[in-house]
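Dear colleague,

I am passing on the structure we spoke about, and below it you will find my notes on what came out of the analysis. Please read them with the coordinates open beside you.

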Amino acid sequence: VRARSVSTVPVMATSDICVDHENHLITEYFNHRIQVLRRDGTFVCEFGSQAEANGLLQYPCGVCVNSSGHVVVTGSRVQIFSGDGTFLRTLGSRGAADGEFRNPYSVCVDGNDNIYVADCSNHRVQF
């Protein structure tokens, strides 16, 4: 296996990376953002800043992309963005019941666009 850098721009405290059909999406935990880079490492866009409001990110941990190109991000909550970073909606709320999350960490999407979230502090996986 040969390793090479996928980024021509600096990234800080990367906690996850997702590769879709044309881009790399990189979470920057301490910068509270997602960077989107082309496969050759050139910068496309970034989105997020530190806050608890919809569309903003607080310590993003996980990132994945569904078949429609929507970006799912976990951190202090689960949020869905368009491919260009426009906020679309939040999934669930804070808590311990079904559909509620406490420290959602990792996320993935299956071939049917079902979203799976590692709900860290509730010690479970939800979808």
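Among contacts in the chain between residues at least 6 apart in sequence, 34% join residues that are at least 24 apart. Please keep in mind throughout that this is a predicted model. The chain has 127 residues, and its radius of gyration is 14 Å, which agrees with the value near 14 Å that a compact globule with 127 residues would have. Taken along the principal axes, the C-alpha atoms fill a box of roughly 40 × 30 × 30 Å, and buried residues account for 40% of the chain.

As for secondary structure, the chain comes to 13 strands and 0 helices.

Two of the sheets deserve a description. One is an open sheet of 4 strands, ordered β1-β2-β3-β4 and paired in the antiparallel sense; its edge strands are β1 (14-19) and β4, each of which pairs on one side only. From one strand to the next, the twist in this sheet averages 20°. Within it, β2 (residues 23-28) and β3 are joined in antiparallel fashion over 6 bridges, and I26 has Q35 in β3 as its bridge partner.

The other is an open sheet of 3 strands in the order β11-β12-β13, again with antiparallel pairing. Here β11 (104-109) and β13 (124-126) each have a single partner strand, so one side of each is left without a neighbour in the sheet. The twist averages 20° from one strand to the next. Strands β11 and β12 run antiparallel and are joined by 4 bridges, with C108 standing opposite Y116 in β12.

Turning to the interior, the largest nonpolar core has 21 residues, and those with the most contacts inside it are L25, I34, V63, V71, V72, V73 and I115. At least two residues of this core come from each of β3 (33-38), β4 (43-47), β5 (62-65), β6 (71-74), β7 (78-81) and β12 (115-119). If residues up to four places away in sequence are not counted, I115 touches V72, I80, L91, V107, C108, V109, Q126 and F127.

Two individual residues may also be worth your attention. The first topic is F47, which is found in strand β4. Its relative accessibility is 7%, and F47 therefore counts as buried, the cut-off being under 20%. With residues up to four places away in sequence left out, F47 touches H32, R33, I34, V36, L57, V71, F81 and G85. As for one of these, F47 and V36 are 11 residues apart in sequence, while their C-alpha atoms are 8.5 Å apart in space.

The other topic is T27, which is found in strand β2. Is T27 buried or exposed? At 0% relative accessibility, T27 counts as buried. Its side chain nevertheless takes part in polar contacts: one of 2.7 Å joins the side chains of T27 and S15, and a polar atom of the T27 side chain lies 2.8 Å from the backbone nitrogen of D16. Again leaving out residues up to four places away in sequence, T27 touches A13, T14, S15, D16, R33, I34, P60, C61, G62 and V63.

With best regards

Terms used:
Residues are numbered from 1 along each chain as its sequence is written. This is a predicted model: local features need pLDDT of at least 70, side-chain atom pairs count only at pLDDT 80 or more; totals for chains, interfaces and linings use all residues. Side-chain values use heavy atoms; hydrogens and water are left out. A nonpolar core is a set of buried Ala, Val, Leu, Ile, Met, Phe, Trp, Tyr and Cys residues joined through side-chain atoms within 4.5 Å. Buried means under 20% relative accessible area, exposed over 50%, partly exposed in between (1.4 Å probe, protein chains only). Contact means heavy atoms within 4.5 Å. Two strands pair if DSSP finds at least two bridges between them. Axes are lines fitted to C-alpha atoms, for helices over the stretch in contact, and angles run from 0 to 180 degrees between N-to-C directions. A polar contact is a pair of N or O atoms within 3.5 Å; within protein, one must be able to donate a hydrogen and the other to accept it, and residues adjacent in sequence count only if both atoms are side-chain atoms. The radius of gyration is taken over C-alpha atoms; the globule rule is 2.2 Å times the number of residues to the power 0.38.
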